[in-house]
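The following exercises accompany a single protein model. Each consists of a task and a solution that proceeds step by step.

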Amino acid sequence: MREILVLGDSHSPVFNHPLFKEKFPNLFFNVLTVIGATASGLENPNSTTQAYPVFREAVRQTAAKQIIVMLGEVDTGFVIWYRAQKYREPVAAMMDKAITSYSRFLVELKMRFEVVCISAPLPTIQDGNDWGDVANARREVTASQLERTALTLEFNRIMQRFCAQNRIRYIMLDDLSLGEHGIVKADLLNSDSSDHHYDQDQYSRLLVEGLVGVI
C-alpha cells in the first residue's frame, strides 16, 4: 500500500474515516494530528503545541512521497482575532503573518514531496456560544460567526492563489461548505452540539470527492 502522510490540527482525524479505505483501497493514510496546531505558530519556536518540530520529525521519518496538509481553522477562528485584540494590531496584519508562515511551510515540504493543501473548515461555533471546551477557550474573541467565516473564506482564497502560483495542489471546499446566510451549512454541523468539528460522514465525503484524481 502507498503511504500518504497527513499533517494537521484536530480536524485531520477525518482521514481515519472508513470511507477513505473504501474509496482509496490501495492507500494508507498516516495521520499525524497536533491538537491546536496553527499556521501562525509554525515559525514560532515557543509555540504551545510545538507543531512544527513534531511535523518536521514525521516528515524526516516518512516513506511517503505525497503529503496532505490541513491547518488554518484555529487561526481564522481564534488566533488571528485574539492576537489582534491582545497586541492592538490590525486583523489583516495577523492574517498576513499566518499566511506567510503557512506558505513557507508548504514550500519547504514541496522541495521533497508532492503536497496537497486542504482549505480550512468554516467556523461552526455560533455567536454567544459558551458550551464545550473549545468554545469556552475562544470566548475572549468578540468577532461574530459571520466575521470569522468571512476571514476564513479570505484565508482560503489567498492560500488557493499561493498554491496555484507554486504548483501545489489545493482542495477548495468553501463553495460546498457555505450556506445561504454566509455561514457554514447546517448539514456539516456535528450532531454533538459541543463539538466544533464537522460531521465526519459529511466531511469525509467532501474530501474524498475533492481528492479523486489528486492522490
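**Exercise 1. Charges and surface**

Task: State how far apart the mean positions of the positive and negative charges of the protein chain are, and describe its accessible surface.

Solution. The structure is a predicted model. Step one is to count the charges: the protein chain carries 22 positive and 26 negative ones. Step two is to compare their mean positions, which are 8 Å apart. Step three turns to the surface, where the accessible area is about 10900 Å². Carbon and sulfur atoms account for 49% of that area.

**Exercise 2. Overall build**

Task: Give the order of the secondary-structure elements of the protein chain, and determine how its radius of gyration relates to the globule rule.

Solution. First, the elements are counted: there are 8 helices and 5 strands. Read from the N terminus, their order is β-α-β-α-β-α-α-β-α-α-β-α-α. Next, the radius of gyration is 16 Å, and the globule rule gives 17 Å for 215 residues. These values are close, so the protein chain is as compact as a globular protein of that length. Along the principal axes, the C-alpha atoms fill a box of roughly 45 × 35 × 30 Å. Finally, 51% of the 215 residues count as buried. Among contacts between residues at least 6 apart in sequence, 75% join residues at least 24 apart.

**Exercise 3. The nonpolar cores**

Task: Identify the elements that each supply at least two residues of the largest nonpolar core, and list the contacts of V69.

Solution. The general expectation comes first: in soluble globular proteins, nonpolar side chains tend to be buried together. In this model, the largest nonpolar core has 42 residues, and those with the most contacts inside it are L7, F55, V69, Y102, L106 and F155. At least two residues of this core come from each of β1 (2-8), α2 (51-61), β3 (66-70), α3 (73-87), α4 (91-110), β4 (114-118) and α6 (145-165). Helix α4 gives the largest share, 8 residues. Setting aside neighbours within four places in sequence, V69 is in contact with L7, Y102, F105, L106, L109, V115, V116, C117 and I118. A second, separate core holds 27 residues, including I4, F24, L173 and V208.

**Exercise 4. A residue of helix α4**

Task: Decide whether V107 is buried, partly exposed or exposed, and name the residues that it touches beyond four places in sequence.

Solution. V107 belongs to helix α4. Its relative accessibility is 34%. Because partly exposed covers the range between 20% and 50%, V107 falls in that class. Leaving out residues up to four places away in sequence, V107 touches F162 and N166. V107 and E57, 50 residues apart in sequence, are 17 Å apart in space, C-alpha to C-alpha.

**Exercise 5. Two positive phi angles**

Task: Locate Q50 and R88, and compare how each is classed by accessibility.

Solution. Most residues other than glycine have a negative phi. Q50 nevertheless has a positive phi, near 55°, and R88 likewise has a positive phi near 55°. Q50 is placed in the loop between β2 (27-33) and α2, whereas R88 lies in the loop between α3 and α4. With a relative accessible area of 30%, Q50 is partly exposed; R88, at 78%, counts as exposed. Beyond four places in sequence, Q50 touches N44 and P45. The C-alpha atoms of Q50 and T38 are 9.7 Å apart, and these residues are 12 apart in sequence.

How values were computed
Residues are numbered from 1 along each chain as its sequence is written. This is a predicted model: local features need pLDDT of at least 70, side-chain atom pairs count only at pLDDT 80 or more; totals for chains, interfaces and linings use all residues. Side-chain values use heavy atoms; hydrogens and water are left out. A nonpolar core is a set of buried Ala, Val, Leu, Ile, Met, Phe, Trp, Tyr and Cys residues joined through side-chain atoms within 4.5 Å. Buried means under 20% relative accessible area, exposed over 50%, partly exposed in between (1.4 Å probe, protein chains only). Helices (H or I, at least four residues) and strands (E, at least two) are DSSP runs, numbered from the N terminus. Contact means heavy atoms within 4.5 Å. The radius of gyration is taken over C-alpha atoms; the globule rule is 2.2 Å times the number of residues to the power 0.38. Accessible areas come from the Shrake-Rupley method with a 1.4 Å probe; for residues, only the protein chains shown count as cover. Lys and Arg count as positive and Asp and Glu as negative; His and the chain ends are not counted. The place of a charge is taken as NZ of Lys, CZ of Arg, CG of Asp or CD of Glu.
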